[in-house]
Each structure stands twice: as structure tokens, then as C-alpha cells.
Amino acid sequence: MSIQTSFILGLLGLSAVSLGQAAEFEDFARVVNVVPQVEQVNQPRQQCWMEQVPVQQRQQRGIGGAIVGGLAGGVLGSQIGGGSGRTAAAAVGAVTGAIVGDRMENDQQAMAANQSVQRCQMVDQWETRNNGYAVTYEYRGHTVTSILPYEPGNRIPVRVSVTPRL
């Protein structure tokens with residue numbers, strides 16, 4: 001047998017083997033229904049606002065009231081009585097005046113003021129997301145539904161595989 005004859009017989013054998021295998025081709029199927037596939041997703045976010053909050057502020061103590069009160073009390077105390085009683089009354093008046101003057105200037109209650117404070121909290125923010133499309137299509141009397149990542153339109157390309165029944 002010649003090499004040429006062997007080669008032709010080999011090609012015929014290969015073609016016979018390929019006839020027994022599946023044949024694949026592409027075609028188009030008619031789309032009959034498309035339903036978007038959606039899901040609800042929570043994207044929590046931080047929400048902040050400014051709020052006025054009362055705070056206690058201590059003021060700096062002054063000594064002017066005590067000095068003026070002490071002098072005024074001493075002068076008034078010296079007007080009372082006579083002799084050594086006058087000196088004692090002036091001393092008591094000076095001390096009393098100093099205490100009264102200090103309290104008048106430096107009120108024991110702290111001054112109330114408002115301060116801006118930022119408050120924050122986490123809030124839910126739900127979003128609707130599209131996961132794809134449930135596409136129902138028909139090809140030669142067969143109806144099939146598949147999930148696709150895109151909306152296909154009126155027709156969809158399909159891969160068709162044909163194999164012989166053995």
C-alpha cells in the first residue's frame with residue numbers, strides 16, 4: 001500500500017469518527033419574558049448633627065468686692081460705739097463687709113452657658129440592587145429560563161449541541 005493510499009484512508013477514518021461526535025452551532029432564541037432580579041441591601045451610614053448642651057462654667061474669682069466691702073464695713077463699724085469698742089466694731093465691720101463684698105462680686109453659683117456638641121448615630125440605609133435578569137426564552141418548542149447579568153432584548157444567542165441517539 002502506498003503512502004498516498006494510507007493517508008487517504010486515515011482521513012476517511014478521522015472523518016468517520018467526527019461524524020459520531022456532537023455537532024455544535026449558534027442560533028437565536030425568542031425572548032418571551034424578562035424579570036429583573038433585585039435584592040435589598042443595607043448600607044448603614046453615620047448621621048451627625050450639632051446640639052446645644054448646657055455646661056457649668058466657673059468664673060475667675062475677683063478680690064475687688066472684698067476690698068471695697070472691707071473698707072466700707074470698717075468705716076461703718078468705726079461710727080458705732082466709742083473707745084476700744086469703736087476699734088472692735090470697725091474690725092467686725094471690716095470683716096463682715098469683706099465677706100459681703102466678696103459674695104456680691106463672686107456669686108457662688110457658676111454661670112450656665114451653652115456649648116455646641118456633635119452627636120452621631122448609625123442609621124440604616126436600604127438600597128435596592130439589581131442582581132441580573134430571569135430571562136425566559138423559547139427555542140424550537142422548548143422553553144428555558146436562565147439568569148443573565150444583562151437584559152437581552154427580543155432575542156438571545158444560544159449554543160445548540162446536536163448528538164446522535166445511539
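This passage describes a disulfide, a surface patch and a nonpolar core in a predicted model.

The disulfide count comes to one. A disulfide is a covalent bond between the sulfur atoms of two cysteines. Here the partners are C48 and C120, with sulfur atoms 2.0 Å apart. The pair links distant parts of the chain. C48 lies in strand β2 (residues 45-57), and C120 lies in strand β3 (residues 111-123). In sequence, the two cysteines are 72 residues apart. The link of C48 and C120 is right-handed, with 110 degrees about the S-S bond. C48 has a relative accessible area of 36%, so C48 is partly exposed. C120 is at 37% relative accessibility and therefore also counts as partly exposed.

A nonpolar patch was found on the surface. I63, I67 and L71 form this patch, and together they have about 340 Å² of accessible area. I63 sits in the loop between β2 and α2 (64-78). I63 counts as exposed because its relative accessibility is 63%, and the cut-off for exposed is over 50%.

Attention now turns to the interior. The largest nonpolar core has 10 residues. These are A29, V31, Y133, V135, Y137, Y139, L148, I156, V158 and V160. Three elements, β1 (23-42), β4 (126-139) and β6 (155-162), give two or more residues to this core. β4 gives the most, with four residues.

Y133 is one of the core residues. Leaving aside residues up to four places away in sequence, Y133 touches V34, V35, P36 and Q37, among others. Its contacts also include S146, I147, L148, P149, Y150 and E151. Of these contacts, L148 is itself listed in the core.

Note on methods
Residues are numbered from 1 along each chain as its sequence is written. This is a predicted model: local features need pLDDT of at least 70, side-chain atom pairs count only at pLDDT 80 or more; totals for chains, interfaces and linings use all residues. Side-chain values use heavy atoms; hydrogens and water are left out. A disulfide is a pair of cysteine sulfur atoms within 2.5 Å. Buried means under 20% relative accessible area, exposed over 50%, partly exposed in between (1.4 Å probe, protein chains only). Patches are made of residues with over 30% relative accessible area and no salt bridge: like charges are joined within 9 Å, nonpolar side chains (Val, Leu, Ile, Met, Phe, Trp, Tyr) within 5 Å. Accessible areas come from the Shrake-Rupley method with a 1.4 Å probe; for residues, only the protein chains shown count as cover. A salt bridge is a side-chain nitrogen of Lys or Arg within 4 Å of a carboxyl oxygen of Asp or Glu. A nonpolar core is a set of buried Ala, Val, Leu, Ile, Met, Phe, Trp, Tyr and Cys residues joined through side-chain atoms within 4.5 Å. Contact means heavy atoms within 4.5 Å.
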